[in-house]
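Student: Could you walk me through one part of this model in detail? I'd like a close look at the place where the ligand sits.

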Amino acid sequence: MHSRLRIIQGDITRQQADAIVNAANSSLLGGGGVDGAIHRAAGPALLAECRQLAASRGGCPTGEAVLTGAGNLPARAVIHTVGPVWRGGGQGEAELLASAYNNSLRLAAEHRFATIAFPAISTGIYGYPKAAAAAIALRTISQFLQQHDYPQQVWLVCFDEESYRLYRQHSEQSD
Ligand code: ADP
């Protein structure tokens with residue numbers, strides 16, 4: 001695993017990173033899971049900004065990412081990305097999941113963010129198998145870090161014990 005990548009267990013809304021990533025849906029208008037938790041913790045300013053973005057650019061397509069402020073969160077910015085809904089694996093899900101990570105990292109690099117925290121995108125309501133998603137997250141982030149100086153550190157924030165265990169297992173395999 002890349003030395004600038006950390007696996008931690010916790011709540012992403014509490015992370016003092018320059019940016020935290022939201023596993024949003026393409027409407028950008030809020031949802032359940034980590035999206036709901038981020039909006040609850042950030043307060044109405046974030047929802048207002050997302051509504052403006054939804055109106056001006058019609059949301060965010062799957063695999064892409066957009067940046068907003070962070071309202072009341074300890075982070076400075078939120079990068080909203082939309083992971084794929086799992087439909088059995090034959091609908092380009094792996095490529096779309098890698099794009100969600102890559103486009104989020106690209107935004108962080110453009111803004112010279114030192115630290116960015118990711119949830120396990122697509123592995124909740126969107127149903128992506130957790131082990132396969134962990135392998136893609138680790139590989140995609142490690143490749144990006146090899147090619148870029150920013151972000152300086154990436155935190156993979158696991159909310160549930162299972163994701164934490166899977167990330168650790170996969171990171172040991174790829175060492
Ligand atoms: P998706 O719709 O992309 O599947 P979800 O929010 O349903 O997004 O789930 C994505 C992952 O985020 C899941 O692994 C879930 O356990 C995790 N998650 C939920 N709440 C939080 C939180 N507060 N901090 C970090 N991860 C969270």
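Tutor: Here's a tour of the pocket and the ligand, with two backbone oddities at the end.

Keep in mind that this is a predicted model. Let's begin with the space itself. The ligand sits in the largest pocket, and that pocket holds about 550 Å³ of space. Its lining is made by 28 residues. If you want to find the middle on your screen, look for A23, G33, V34, D35 and G124, which lie nearest the centre of the pocket.

Which elements give two or more residues to that lining? They are helix 1, running over 33-42, and strand 6, over 153-158. Helix 1 gives the largest share, with five residues. As for chemistry, the lining of the largest pocket is a mix: 13 of its residues are nonpolar, ten are polar and five are charged.

Now zoom in on the ligand. There are 16 residues around it, and D11, V34, S122, T123 and I125 come nearest. V34 is worth a second click, since it is among the residues nearest the pocket centre and also among those that come nearest the ligand. Helix 1 turns up again here: with three residues, it gives the most to the shell around the ligand. That shell breaks down into eight nonpolar, five polar and three charged residues.

For polar contacts, follow the chain from S122 to G124. S122 brings a backbone N or O atom to 2.9 Å from an oxygen atom of the ligand. With T123 it's the side chain that takes part: one of its polar atoms lies 2.8 Å from a ligand oxygen. G124 goes back to the backbone, where an N or O atom is 2.9 Å from an oxygen atom of the ligand. How much of the ligand does the protein bury? On its own the ligand exposes 560 Å², and 92% of that is buried by the protein.

Finally, two spots in the loops deserve a look at the backbone. One is L28, in the loop between strand 2 (19-23) and helix 1. L28 isn't a glycine, yet it has a positive phi of about 65 degrees. The other is P151, found in the loop between helix 4 (130-147) and strand 6. The peptide bond leading from Y150 to P151 is cis, and its omega is near -5 degrees. These loops connect to elements you've already met: the L28 loop runs to helix 1, and the P151 loop runs to strand 6, both of which help line the largest pocket.

Definitions and conventions. Residues numbered from 1 in each chain as written. Predicted model: local features only at pLDDT ≥ 70, side-chain atom pairs only at ≥ 80, totals over all residues. Heavy atoms only, no water. 1 Å grid on protein atoms, 1.4 Å probe; cavity = no way out; pocket = protein on both sides within 12 Å on 5 of 7 lines; lining within 4 Å. Points joined across faces, edges and corners; volume = space filled by probe spheres on them. Helix = DSSP H or I, 4+ residues; strand = E, 2+ residues; numbered from the N terminus. Nonpolar A, V, L, I, M, F, W, Y, C, P; charged D, E, K, R; others polar. Near = heavy atom within 4 Å. Polar contact = N/O pair within 3.5 Å; in protein donor to acceptor, adjacent residues only side chain to side chain. Areas by Shrake-Rupley, 256 points an atom, 1.4 Å probe, with all protein chains shown as cover. Sits in = over half its atoms within 2 Å of the grid points.
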